[in-house]
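Reader: Could you take me through one part of this structure up close? I'd enjoy a connected account rather than a list.

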Amino acid sequence: MAKYRVAVIGIGKISTDQHLPVIAKSGDFELAATVSQRGVAVGSTPSFKTAAELYVAMPGIDAVSICTPPGVRHALVREALNAGKHVLMEKPPHPTVGELLALT
C-alpha cells in the first residue's frame with residue numbers, strides 16, 4: 001500500500017516536537033512538503049510560504065496537518081478542504097464552536 005503524502009502547515013514547536021517525528025517513524029505516512037510563512041524548511045523536503053503555493057505545485061498531496069495557532073486555522077482548513085485534502089488539526093481545532101461548525 002502506498003504511503004499517505006502529508007504536508008505540515010506551520011513549522012513551530014508542536015510540529016517539530018510531535019508531528020514531524022511521528023510522520024518520520026510511520027510506515028504509513030511520508031512527509032511530502034511543509035508550509036512556513038517564516039520560510040522554515042525541514043531537511044530537503046519541499047517548502048512553501050503559503051498553502052495555496054503547495055496545492056498548485058504538489059496537487060498529489062493526500063493530507064495536511066495544520067499546526068498553526070487556532071485563530072488562523074479556519075481559512076487554512078477551508079482552503080485544504082476545497083483542495084480536496086484530508087485535514088488534521090492541532091487542538092483546539094478553532095477558537096469558537098461556530099467556526100468549527102461552519103466547516104461542515
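Author: Happily; here is a look at helix H1 and then at the strand pair E1 and E2. Please keep in mind that this is a predicted model.

Helix H1 covers residues 13-25. Its 13 residues should span 18 Å at 1.5 Å a residue, and the end C-alpha atoms are 18 Å apart, so the two values agree. Along the way H1 bends by about 30 degrees at His 19, with a proline, Pro 21, following within four residues. His 19 is also one of the buried residues of H1, together with Ser 15, Leu 20 and Ile 23. Their cover includes strands E1 (4-9), E2 (29-35) and E4 (63-66).

H1 has a salt bridge too: the side chains of Asp 17 and Lys 13 meet at 2.4 Å, N to O. These two residues are 4 apart in the helix, so about one helical turn separates them. In general, an α-helix has 3.6 residues a turn, so residues three or four places apart point the same way. Lys 13 counts as exposed at 64% relative accessibility, while Asp 17, at 39%, is partly exposed.

Now to the strands, E1 and E2. A search of the whole structure finds 2 salt bridges, and one of them joins Arg 5 to Glu 30 at 3.6 Å, N to O. Arg 5 lies in E1 and Glu 30 in E2, so this pair ties together parts that are 25 residues apart in sequence. Arg 5 is partly exposed at 27% relative accessibility, and Glu 30 is partly exposed at 32%.

Key. Residues numbered from 1 in each chain as written. Predicted model: local features only at pLDDT ≥ 70, side-chain atom pairs only at ≥ 80, totals over all residues. Heavy atoms only, no water. Expected span 1.5 Å × (residues − 1). Bend = angle between axes of the 7 residues up to and from the residue. Buried < 20%, exposed > 50% of the residue type's maximum accessible area, 1.4 Å probe, protein only. Contact = heavy atoms within 4.5 Å. Salt bridge = Lys/Arg side-chain N within 4 Å of Asp/Glu carboxyl O.
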